[in-house]
Amino acid sequence: RDSSVTGVQTCALPIFSIIITCCFIPSLQPYMIKGFEILKSAPTEILYAILIVFMGSFGVNILDKYKK
């Protein structure tokens, strides 16, 4: 598999950047707080699934760089 940036990474990075940026916009903070509260109360399996997707799209390429 080519270690170049994939389509998932191309989409995920701007989405995560928008989410983090929204945390600092006062008018959006109530929505962000509510969203993180929902995630906090989510079943552990959902949080693991999110971590697996995140690490699958970013973590594998990071590990490939350390192998070389």
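How many disulfides does a search of the whole structure find? The search finds zero. This is a predicted model, and the cysteines are a good place to start reading it.

**Cysteines**

A disulfide is a covalent bond between the sulfur atoms of two cysteines. To count as one here, a pair of cysteine sulfur atoms must lie within 2.5 Å. Cys22 does not reach that cut-off, because its closest cysteine sulfur, in Cys23, is 7.2 Å away. That is too far for a bond. Cys23 is likewise in no disulfide. For Cys23, the nearest cysteine sulfur is that of Cys22.

Is Cys22 buried or exposed? Cys22 is buried, at 17% relative accessible area. Cys23 counts as partly exposed, at 24%. The limit for buried is under 20%. The table sets these two cysteines beside Phe54, a residue of the surface patch described below.

| Residue | Relative accessible area | Class |
|---|---|---|
| Cys22 | 17% | buried |
| Cys23 | 24% | partly exposed |
| Phe54 | 35% | partly exposed |

**Fold and confidence**

The protein has three helices and zero strands. From the N terminus, the order is α-α-α. Helix α1 covers residues 7–22. Helix α2 spans residues 29–40, and helix α3 spans residues 44–67.

The mean pLDDT of the protein is 81. Of the residues, 71% score at least 70. Which elements have the highest and the lowest mean pLDDT? Helix α2 has the highest, at 94, and helix α3 has the lowest, at 75. Where pLDDT is low, the predicted coordinates should not be read in detail.

**Surface**

The protein has 68 residues, and 13% of them are buried. Its accessible surface comes to about 5800 Å². Carbon and sulfur atoms account for 74% of that surface.

A nonpolar patch lies on the surface, with about 1100 Å² of accessible area together. Its members include Ile15, Phe16, Ile19 and Ile20. Phe24, Phe36 and Leu39 are also among them. The patch further includes Ile46, Leu47, Ile50, Phe54 and Met55.

Which element supplies the largest share of the nonpolar patch? Helix α3 does, with five residues. Each of α1, α2 and α3 supplies at least two.

Phe54 is found in helix α3. Its relative accessible area is 35%, so Phe54 is classed as partly exposed. Residues join a patch at over 30% relative accessible area, and the value for Phe54 is 35%.

Key:
Residues are numbered from 1 along each chain as its sequence is written. This is a predicted model: local features need pLDDT of at least 70, side-chain atom pairs count only at pLDDT 80 or more; totals for chains, interfaces and linings use all residues. Side-chain values use heavy atoms; hydrogens and water are left out. Buried means under 20% relative accessible area, exposed over 50%, partly exposed in between (1.4 Å probe, protein chains only). Helices (H or I, at least four residues) and strands (E, at least two) are DSSP runs, numbered from the N terminus. Accessible areas come from the Shrake-Rupley method with a 1.4 Å probe; for residues, only the protein chains shown count as cover. pLDDT is the predictor's confidence in each residue, from 0 to 100. Patches are made of residues with over 30% relative accessible area and no salt bridge: like charges are joined within 9 Å, nonpolar side chains (Val, Leu, Ile, Met, Phe, Trp, Tyr) within 5 Å. A salt bridge is a side-chain nitrogen of Lys or Arg within 4 Å of a carboxyl oxygen of Asp or Glu.
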